[in-house]
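User: Hi! I'm new to reading protein structures and would love some help with this one. Could we go through it together?

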Protein chains: 4
Amino acid sequence: MKRIENFKSIIDKYDIIFFDAFGVIKTYQGLMPGIQNTFDYLSEQGKEYYIVTNDASRSPLQLAESYHRAGLTVITPERIVSSGMLTKEYLDLKVDDGIVAYLGTPESSHYIESSGLHTLPVSSINADNIDKVNALIFLDDEGFNWCDDLNKTVNILRKRTIPVIVANTDKAYPVSIHDVGIAIGGIAAMIESIIGRQFIRFGKPDSQMFMFTFDLIREYRTVTKQQIVMVGDTLQTDILGGNKFGLDTVLVLSGNTLPKDANNRITATGIVPTYICDSAVVDLGGLRF
Amino acid sequence: MKRIENFKSIIDKYDIIFFDAFGVIKTYQGLMPGIQNTFDYLSEQGKEYYIVTNDASRSPLQLAESYHRAGLTVITPERIVSSGMLTKEYLDLKVDDGIVAYLGTPESSHYIESSGLHTLPVSSINADNIDKVNALIFLDDEGFNWCDDLNKTVNILRKRTIPVIVANTDKAYPVSIHDVGIAIGGIAAMIESIIGRQFIRFGKPDSQMFMFTFDLIREYRTVTKQQIVMVGDTLQTDILGGNKFGLDTVLVLSGNTLPKDANNRITATGIVPTYICDSAVVDLGGLRF
Amino acid sequence: MKRIENFKSIIDKYDIIFFDAFGVIKTYQGLMPGIQNTFDYLSEQGKEYYIVTNDASRSPLQLAESYHRAGLTVITPERIVSSGMLTKEYLDLKVDDGIVAYLGTPESSHYIESSGLHTLPVSSINADNIDKVNALIFLDDEGFNWCDDLNKTVNILRKRTIPVIVANTDKAYPVSIHDVGIAIGGIAAMIESIIGRQFIRFGKPDSQMFMFTFDLIREYRTVTKQQIVMVGDTLQTDILGGNKFGLDTVLVLSGNTLPKDANNRITATGIVPTYICDSAVVDLGGLRF
Amino acid sequence: MKRIENFKSIIDKYDIIFFDAFGVIKTYQGLMPGIQNTFDYLSEQGKEYYIVTNDASRSPLQLAESYHRAGLTVITPERIVSSGMLTKEYLDLKVDDGIVAYLGTPESSHYIESSGLHTLPVSSINADNIDKVNALIFLDDEGFNWCDDLNKTVNILRKRTIPVIVANTDKAYPVSIHDVGIAIGGIAAMIESIIGRQFIRFGKPDSQMFMFTFDLIREYRTVTKQQIVMVGDTLQTDILGGNKFGLDTVLVLSGNTLPKDANNRITATGIVPTYICDSAVVDLGGLRF
C-alpha cells in the first residue's frame with residue numbers, strides 16, 4: 001500500500017481506469033471539484049476509462065446526460081457500466097416471458113424491458129396477473145409506497161417461486177453532508193430475511209460487475225487485468241471487488257472513507273488497496289483551483 | 001416429546017399455564033373456536049394462567065378489552081404480559097429524562113410514558129429537539145410513514161448515541177389466511193443492519209419475558225419452574241424461549257406450525273417441545289362444538 | 001455517561017456490585033494489581049459483591065480456589081455466578097435421564113452432573129450409546145481433539161434431535177499480552193452454522209445470567225435493580241447485558257476496551273455505560289502502590 | 001422448470017456441459033455408476049464438457065489422475081476447473097513477493113506456488129518470518145493440527161493486515177452414506193467471525209468460477225452463455241451460481257438433494273433450476289446396466 005500525492009502518476013501506470021461514481025467523480029451536490037482535469041488528462045494521454053457504478057435507477061444514457069448537465073460533457077453512455085445493465089442481461093438470458101414485477105421508478109424499469117417481457121410495478125400486481133409474474137426486481141428506493149408495496153412484495157414472493165434480483169447492493173447512500181438515505185439494497189435485505197430466501201445480487205463487490213466491463217473492453221481490444229486499475233472511495237465494494245477480480249486498486253479519500261479513518265478501517269476490515277490517494281483529481285500544478 | 005390428544009390432561013399436570021396469544025387463543029379472525037372451554041376448565045380447576053405475548057402495540061388494558069369484545073370476558077389485564085411492558089420497565093430504570101422518540105401509533109406510546117419522560121413520534125423530531133432525544137423505540141408497524149420516518153430514524157441514530165429498543169421481535173405476522181404483514185421487528189433489523197449497531201430486543205424467545213412473568217407470580221405466591229408450562233404455536237419463540245428458561249413446553253398445531261410440518265421443523269431446528277397437541281382447546285367430550 | 005476518577009465513589013452509590021472476572025479482577029497473568037484494595041473497601045463499607053463470569057470450565061469452588069491461590073482469599077464460592085451454573089440448572093430442569101455428551105475437560109463436566117444424568121465426552125459416544133444421548137454441551141475449548149471430536153459432534157447432531165447448550169458465549173479470550181485463544185463459543189457458532197440449528201446459549205449479554213444472580217440475592221434479602229451496578233471491561237457482554245437487565249453499568253478500561261478506543265467503540269456500537277472508570281481498583285490515596 | 005427423464009435429451013440441446021464433481025460424477029465411494037455412458041455419449045456427439053468443482057485440495061492433474069484410477073480415463077486435466085485455480089490466479093495477479101501461509105496439505109500448496117512466492121504451512125510461521133507473510137490461504141481441512149494451527153491463524157491475522165483467501169466455500173462434505181466432514185470453508189467462516197474481517201472466497205456460487213471457465217473456452221472458440229448448461233446436485237452452489245451467471249441449469253437428484261425433498265427445497269430457497277433430472281447418467285436403453 002503506497003500513499004500517492006498526485007493521481008496523475010496512477011493514470012501514467014495503467015492503460016484503463018475504472019472509476020466508481022459517487023464520492024469519486026461526483027458528490028451529492030454535483031461534480032467533484034476539479035474532476036474535469038482528470039478527464040482532460042486521460043484524453044490527452046490516450047487512456048481509456050469506465051465508470052462502474054452500483055446504480056440501477058437510470059439507463060447509461062440518462063446517467064451520461066446527468067454528467068453533461070453538470071458540465072462533464074466528455075462522458076459517453078458506452079463508458080458507463082451499471083448494476084442495472086447486469087440485471088437486464090440476466091432477464092435477457094434467464095426469463096423468457098411473462099411479467100417482471102419491480103420496485104422503483106417507471107424510468108428505472110424502461111431500460112430493462114426486453115422483447116417478450118413486460119415490466120409492471122409491484123402496485124399493479126393483482127389476483128388476475130400474479131400467475132404470470134416470472135421475476136421480481138429491486139431497482140430503486142423511489143417510485144413506490146414503502147408500506148403498501150413492501151408488504152405486497154412479501155406476499156407475492158410467498159405465492160410465486162421466482163428469481164428475485166437486487167439491482168443495487170448498497171444499503172444506504174449520502175443525500176447531504178450530514179444525512180444518508182436507505183438504499184434499495186437495504187430494503188431488499190429486509191425482505192430476504194423475512195421470507196428466508198436468497199436473492200440474486202448484482203453490483204460491486206460482486207465480480208460479475210467487473211467481468212461485464214472487462215468483457216465490454218475485450219470486444220474491441222486485447223487487455224490483461226494488469227493494465228487496469230479500479231478507483232473507489234469504499235473499501236467494502238470498490239476495493240474488495242477490484243482486488244478479488246485481480247485488479248490493482250486505489251482508495252480515494254474524497255467520499256465514504258475519511259482521511260482520519262482510512263488506516264483504521266483498512267486494518268479492521270483487512271481490505272487493502274494497492275494505493276491511497278486524496279482524490280481522483282489530477283493536480284495540474286499552477287493551474288489548480 | 002409426547003403426542004397429547006386432549007389439552008385437558010396438560011392442564012391437569014401443571015399449576016400455571018403460560019399462553020402465547022396469536023395462533024393459540026386467537027386467530028386473525030377473532031377467538032380460536034372453543035378456547036372458552038379452556039378458560040372455563042382452568043377456572044373450574046383453580047389453575048392460573050398468563051398470556052405472554054410479543055405485542056407492544058397496545059397496553060394490557062387495551063389487549064384485555066379486545067378479548068372482552070370478542071366474548072372472552074374472563075381475561076383480566078393483570079394476566080397479560082407483553083413485550084411492551086418490558087420496554088416500559090427499561091425506560092423507568094434506565095432513561096431519566098428527555099424525549100423518547102418512537103415508531104408506532106400514539107396509542108402504543110401512551111402506556112410507556114413515565115414521569116419525567118416525554119414520548120414523541122419520530123416525525124416530530126427536528127433540529128430543535130434532537131439533542132434531547134435519549135432513547136428510540138420500535139413499537140408498531142402502523143402509525144407512521146415508512147419512507148419518511150425510517151429514513152429519519154437512520155439519521156437520528158447517526159447523530160445520537162442512545163439506546164434503541166425493539167419492543168416486538170417478530171419479523172412478520174399473519175393478516176389473513178393467505179397473507180402476512182411485515183412486523184416492526186423486521187423493520188428494526190433493517191435499520192440495525194444499515195447503521196451497524198446492536199439494538200435491545202424484548203420479547204420471546206428472550207428470557208427476560210419469562211422472567212418478568214415469573215416475578216409477577218412470585219410477588220403473591222411461591223412457585224417453581226416445574227409448576228409452569230408454556231403453550232405456543234411457534235418453535236423459534238414460544239418453545240425455544242420456554243425451554244431455555246427451564247419450563248416444560250407444548251407446541252400446538254393451530255397456528256404457525258402446521259400438523260404436516262411439525263416433525264420436520266422440530267428435526268430441522270433442533271427445538272424440541274415437551275409435548276405436541278392439536279390445539280389449546282379443551283375437549284369437553286359430548287359438549288364439543 | 002460520566003467519567004469517574006476513583007472507583008470508590010461508585011461503590012459508595014450502590015449496595016451490591018456485580019464484577020466481570022477477566023479484565024476487571026484478574027488478567028491473563030494473575031490478579032489485577034491493586035484489586036485487593038477494592039475488596040477491602042467493599043468489606044469495610046459492608047457492601048456485597050458477585051462475580052458474574054462467562055466461564056464454564058470450572059465449578060465455583062474451583063474458581064474461588066484459583067483466587068485464593070493468587071492471594072485474594074476473601075472470595076467465597078457462593079459469590080461466583082458462572083454460565084456453567086445456568087447450564088447445570090437447565091439440565092436439572094429439562095433433561096431427565098440418559099447421557100449428556102460434552103466437549104471440554106473432565107473437570108468442566110463434573111459439576112454439571114445431576115442425579116440420573118451421566119456425562120460422557122464426545123469422544124466416548126459410539127453406535128452403542130448414541131441413542132441414549134439426550135443433550136450435548138459445549139463447555140470448554142480444552143480437553144478434546146478438535147479435528148476428531150468436532151467432526152464427531154456434527155454427525156451426532158445430525159442423528160439426534162436434542163438440545164445443544166453453549167455454556168460460554170465468548171468467541172475468543174486473551175492468553176497473553178499479544179495473543180488470543182479461540183473460545184468454545186466461537187467453535188459452537190461454527191457447528192451451529194454447519195448443521196443449521198439454533199443452540200441454547202448461556203452467558204452475558206443474555207439476561208438469564210443476571211436474573212440468576214438477582215434471584216440468588218433475593219433468596220436472603222430484598223433488593224431492587226437500582227441498588228446494583230454491573231462492572232465490566234466489554235461493551236458487548238457486560239455493558240449490553242447489564243443495561244438490558246435494567247442495571248446501571250461501569251465500563252472499566254483495564255481489559256478488552258482500551259482507553260484510546262472507548263469513545264469510538266461506544267459511538268460505533270451504541271452501547272452506552274452509565275459510567276467510565278480507568279479500572280475497578282479503589283485508590284486509597286497516599287497508600288496507592 | 002421441467003422434469004426430464006433421460007439426461008441424453010439435455011446433452012442434445014447444448015454444446016458445452018459444465019458438471020459439478022461430487023454427487024454428479026462421483027460419490028464418496030468412487031464413480032457414479034453408469035457415468036461412463038455420459039462421457040461416451042458426449043464424445044460421440046462431439047460435445048464439450050468441463051468439471052467445475054469447489055476443490056482446492058489437489059491440482060487439476062491430480063484430480064484427473066483420480067478419475068483415471070477409478071476407470072474414467074477420458075477426463076483430462078484441462079477439462080477441470082477448480083476453486084484452487086482461481087486462488088492461484090489471485091496470487092499471481094495480486095501478491096508480488098514474500099510468504100503465503102496456508103492451512104492444508106503440502107500437496108494442496110504445491111500447485112499454487114508462483115515465481116517469487118514461497119508457501120509455508122501456518123505451523124512454520126514464527127516471529128522471524130511473520131513480517132514476510134503477505135497472504136494467508138485456507139486450502140483444505142487436512143494436513144494440519146486444528147487446535148494449534150487455527151489458534152495460530154487467528155493471531156497471525158491479528159498482527160498482519162493481509163488478504164485472506166478461502167479456496168473452497170463449502171461448509172461440509174459427505175464422507176460416507178451417513179456422515180459428513182467439516183470442510184475448510186466452514187472453518188474459515190469461524191475464523192472470519194472471530195477476527196471480524198471479510199475474507200475473499202472463491203468457488204461456486206460465486207460468478208468468478210463460471211467466468212474463469214467461460215474465459216478458458218473463449219481462448220480457443222467463440223461461445224455464448226446460451227450454449228452452456230450447468231449440471232449440479234446442490235441448489236445453493238451449482239444452481240444459484242449457474243443461474244446468476246446466466247446459464248441454464250440442471251438439478252440432479254443423485255447427491256445432496258434427495259428426490260423427496262427437491263420441490264420443497266426449491267420452494268423454500270427460491271432457487272429454481274431450468275430442469276430436474278434423476279442423475280447425469282445417460283440411459284442407453286437396452287444397454288443399461
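**A buried charge, then the chain contacts**

Analyst: Happy to! This is a predicted model. Let's start with D:Asp149, which is buried and yet has no salt bridge. The nearest side chain of opposite charge belongs to D:Lys152, 5.8 Å away.

User: Why does 5.8 Å not count for D:Asp149 and D:Lys152?

Analyst: A salt bridge needs a side-chain nitrogen of Lys or Arg within 4 Å of a carboxyl oxygen of Asp or Glu. D:Lys152 is the nearest side chain of opposite charge and lies 5.8 Å away, so D:Asp149 is left without a salt bridge.

User: Ok, and where does D:Asp149 sit? Which residues does it touch, leaving out those up to four places away in sequence?

Analyst: D:Asp149 is in helix α6 of chain D, which covers residues 146-159. Leaving out residues up to four places away in sequence, D:Asp149 touches D:Leu103, D:Val122, D:Ser123 and D:Phe144.

User: Switching topic: how many salt bridges are there over all chains?

Analyst: Searching the whole structure gives 52 salt bridges over all chains. As general background, side chains of opposite charge can pair when their charged atoms come close.

User: Can you show me one within chain D?

Analyst: Sure, take D:Asp278 and D:Arg3, with their closest N and O atoms 2.7 Å apart. D:Asp278 lies in the segment after β16 and D:Arg3 is in strand β1, so this salt bridge ties together parts of chain D that are 275 residues apart in sequence.

User: Are D:Asp278 and D:Arg3 buried or exposed?

Analyst: In between! D:Asp278 is partly exposed at 43% relative accessible area, and D:Arg3 is partly exposed too, at 48%.

User: Let's talk about chains touching. How many residues of chain A are in contact with chain D?

Analyst: There are 36 residues of chain A in contact with 36 residues of chain D. About 2,900 Å² is buried between chain A and chain D, with 51% of that on carbon and sulfur atoms. On the chain A side, A:Leu93, A:Lys94 and A:Lys244 lose the most area to chain D, together 22% of what that side buries.

User: How many salt bridges are there between chain A and chain D?

Analyst: Six. Chain A and chain D also have 16 residue pairs in polar contact, counting pairs where both residues have pLDDT of 80 or more. The chain A side that touches chain D divides into twelve nonpolar, 14 polar and ten charged residues.

User: Which of those salt bridges should we look at?

Analyst: Try A:Asp215 and D:Arg218, whose side chains meet at 2.9 Å, N to O. They belong to a network of salt bridges that links A:Asp215, A:Arg218, D:Asp215 and D:Arg218. Another pair is D:Lys225 with A:Glu89, at 3.7 Å, N to O. This one crosses from the loop between α8 and β14 of chain D to helix α4 of chain A.

User: What about D:Lys225 and A:Glu89, buried or exposed?

Analyst: D:Lys225 counts as buried, at 11% relative accessibility. A:Glu89 is partly exposed, with a relative accessible area of 25%.

User: Now chain B and chain A. How many residues of chain B are in contact with chain A?

Analyst: Here 21 residues of chain B are in contact with 21 residues of chain A. Together, chain B and chain A bury about 1,900 Å², and 63% of it is on carbon and sulfur atoms. There are two salt bridges between them. A:Asp179 makes a salt bridge with B:Lys159, where the closest N and O atoms are 2.5 Å apart.

User: Which elements of chain B give two or more residues to that side?

Analyst: They are α6, β12 and α7 of chain B. Of these, α6(B) gives the most, with eight residues. By class, this side of chain B has eleven nonpolar, six polar and four charged residues.

User: And between chain C and chain D?

Analyst: C:Asp179 and D:Lys159 form a salt bridge there, with their closest N and O atoms 2.5 Å apart. C:Asp179 comes from the loop between β11 and β12 of chain C, and D:Lys159 from helix α6 of chain D. C:Asp179 is partly exposed at 24%, and D:Lys159 is partly exposed at 46%.

User: Last one: which chains do not touch?

Analyst: No contact joins chain A and chain C, and their closest C-alpha atoms lie 11 Å apart. Chain B and chain D do not touch either, with their nearest C-alpha atoms 11 Å apart.

Terms used: Residues numbered from 1 in each chain as written. Chains lettered and ligands numbered in written order. Predicted model: local features only at pLDDT ≥ 70, side-chain atom pairs only at ≥ 80, totals over all residues. Heavy atoms only, no water. Contact = heavy atoms within 4.5 Å. Buried area = accessible area lost by both parts, 1.4 Å probe. Helix = DSSP H or I, 4+ residues; strand = E, 2+ residues; numbered from the N terminus. Nonpolar A, V, L, I, M, F, W, Y, C, P; charged D, E, K, R; others polar. Buried < 20%, exposed > 50% of the residue type's maximum accessible area, 1.4 Å probe, protein only. Lys, Arg positive; Asp, Glu negative; His and termini not counted. Polar contact = N/O pair within 3.5 Å; in protein donor to acceptor, adjacent residues only side chain to side chain.
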